[in-house]
Amino acid sequence: MTSSVALCTYNGHAYIAEQLDSILNQTQPVSEIILCDDGSTDDTWPIISGYTEQYPGLIKAYQNPENLGYISNFEKAMSLCSGDIVLLCDQDDRWHNNKIEVITEIFENHKNINVIGHNISLFGESLKNAQEKEMVYWQIENFDPEKFTPPGDLIKRLLYEGNVFPGMSMAVRNTFLKAHLPLKRVNPVIIHDYELLLIAANQNSLWIEKTVLGEYRIHPKQNIGYKAFSEFDDSAVKTLSRDDLFNIFRRYSFVKKAVVGLNLDKNLDAGYIQYCHQKYKDYLQKLSLPDRLVNQIKMTYYFHIFDYLK
C-alpha cells in the first residue's frame, strides 16, 4: 500500500526540520509528503524549500497565496494526497521510525478499518514533570481502550466526553477520506480530525492502536493542548464538580447537532440524555443527605439544569 503524509505548516521554523527528519527516517518509507504552508512569515518556507530540493518528487510543497486557517489548510493537504493511506501530521511533533510500518500492516490485514488512532507520548520543555517519567496521552485523558470493546462504546466516549486522538496520531484510508471531503464543519469544535473519527467510530471502522508511535510536543505556540497538558498533575484527585456537571449538561446541544450534522446513529441523542442523568446521580451520591436534598432543589428549580436537555 502507498502512503501519503498530509503535513500543514504555519510559522513552524523551530521544529519543522525535526518533524520532517522523523518522517524521512521510517523503516518503511512514505510514498509522498504533501506539505501545505499557510503563508508563514518566518523561516519555515526556506527550510521546506531546502527539503524539497533534497527530496524532489517525494516532498510536494504548496504555499497558500493567502492564509486559509488551520482546518482549511488541512482539508487542502488531505485532498491532494494520492496514497492508499493518508497520515495527518502537524509541524512540531516527532514520529517513531516504525509508524508507517505498523499502520500499513493494520490497513492491509483489516479491510473494514478506515481510520487508525494510535497512542502517543508527550514531550517538550513546557511539560510539567517531563524529565521525571514518560507521559502518555491516553493516561492524561483517562482513556483505557480496553473499556471500549463493544461496538457502540467508542463513539459514545468520543462524542460524549471529547476526542482522545489528536490529528497527528491518525491515519485514514484514502477512499474513506475522499468520500467525506469536503468536510461538513458542523461547528468549530469538530475540526477535521475529530469529524473523521466520529464518522469512522459510528461505522465501527475505527481501529485503536495501543502502540506509542509518535511524540506530541507541548509548547506555548501550539494550536491545541498547551495549557491543559503543561499544567497537568497526575497526583491530583479527580472529582466531579458542579461546574463539570453543568458543562456535561450544556454539551447536549453540541451532541445533538453532531448527530444530525454528521448523520450519526440517532440513538446517540437519547443516550446522551441518559448519560447526563447518570452523571447527575453520581454527583449527588457524593454529598451528604442534607446537601443532596438542597442541591436537588437548587439544580432543578434555581439553576434549571434539566432545561439544557430540551
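This passage describes the confidence, strand arrangement, helix packing and aromatic contacts of a predicted model.

The chain has an average pLDDT of 91, and 91% of its residues reach a score of at least 70. Confidence is not uniform, however: over residues 225-233 the pLDDT remains under 50, and the model gives this segment 22 contacts beyond four places in sequence. Where pLDDT is low, the predicted coordinates should not be read in detail.

Strand β1, formed by residues 3-9, is mostly covered, with seven of its seven residues buried. In a regular strand the side chains alternate between the two faces of the sheet. In β1 both faces are covered: one side carries Ser3, Val5, Leu7 and Thr9, the other carries Ser4, Ala6 and Cys8, and all of these residues are buried. Strand β1 has parallel pairings with two other strands, β4 and β2. Five bridges connect β1 with β4, which spans residues 85-89; within this pairing, Ser4 has Val86 of β4 as its bridge partner. Six bridges connect β1 with β2, which spans residues 32-37, and here Ala6 is matched with Ile34 of β2. Between β1 and β2 the chain passes through helix α1 (residues 16-24), giving a β-α-β crossover that is right-handed.

Ser3, which belongs to β1, illustrates the covering of this strand. Its relative accessible area is 2%, below the 20% limit, and Ser3 therefore counts as buried. Beyond its neighbours within four places in sequence, Ser3 contacts Pro29, Val30, Ser31 and Glu32, as well as Gly83, Ile85, Leu87 and Ile100. Of these contacts, Glu32 falls in β2, whereas Ile85 and Leu87 fall in β4.

Helix α6 covers residues 151-161, and its buried residues are Leu154, Ile155, Arg157, Leu158, Leu159 and Tyr160. The elements that cover these residues include helices α8 (192-202), α11 (252-261) and α12 (267-285), together with strand β9 (206-217). Immediately after α6, Gly162 adopts a positive phi of about 110 degrees.

Arg157, a residue of α6, has a relative accessible area of 5% and is accordingly buried. Setting aside residues up to four places away in sequence, Arg157 touches Glu141, Phe143, Phe148, Gly162 and Val164. Gly162, the residue with the positive phi just after the helix, is thus among the contacts of Arg157. Phe143 precedes Arg157 by 14 residues along the chain, and the C-alpha atoms of the two are separated by 9.0 Å.

A search of the whole structure identifies 14 aromatic pairs. In one of them, Trp138 and Phe143 have ring centres 5.2 Å apart and planes at 80 degrees; since this angle is over 60 degrees, the pair is edge-to-face. Both of these residues are buried. Another edge-to-face pair consists of Tyr302 and Phe303, whose ring centres are 4.9 Å apart and whose planes also stand at 80 degrees. The setting of this second pair is more open to the surface: Tyr302 is exposed, at a relative accessible area of 61%, and Phe303 is partly exposed, at 26%. Ring pairs also join Trp138, Phe143, Phe148 and Phe165 into a cluster. Two members of this cluster, Phe143 and Phe148, are touched by Arg157.

Charged side chains are also placed over aromatic rings. Arg94 lies over the face of Phe123, 3.9 Å from the ring centre, and Lys99 lies over the face of Trp95, 4.2 Å from the ring centre.

Two further buried residues complete the description. His180 is located in the loop between α7 (174-179) and α8. Its relative accessible area is 15%, and His180 is therefore buried. Apart from residues up to four places away in sequence, His180 touches Leu196, Ile199 and Gln203; of these, Leu196 and Ile199 lie within α8. Tyr137 is part of helix α5, which comprises residues 137-140, and is buried at a relative accessible area of 7%. Tyr137 is 74 residues from Gln63 in sequence, and their C-alpha atoms are 32 Å apart in space.

Notes. Residues numbered from 1 in each chain as written. Heavy atoms only, no water. pLDDT = per-residue confidence, 0-100. Contact = heavy atoms within 4.5 Å. Phe/Tyr/Trp six-rings, centres within 6.5 Å; stacked < 30°, edge-to-face > 60°. Buried < 20%, exposed > 50% of the residue type's maximum accessible area, 1.4 Å probe, protein only. Lys NZ or Arg CZ within 6 Å of the ring centre and 35° of its normal. Helix = DSSP H or I, 4+ residues; strand = E, 2+ residues; numbered from the N terminus. Pairing = 2+ DSSP bridges. Right-handed = clockwise from strand over helix to strand, strands pointing away.
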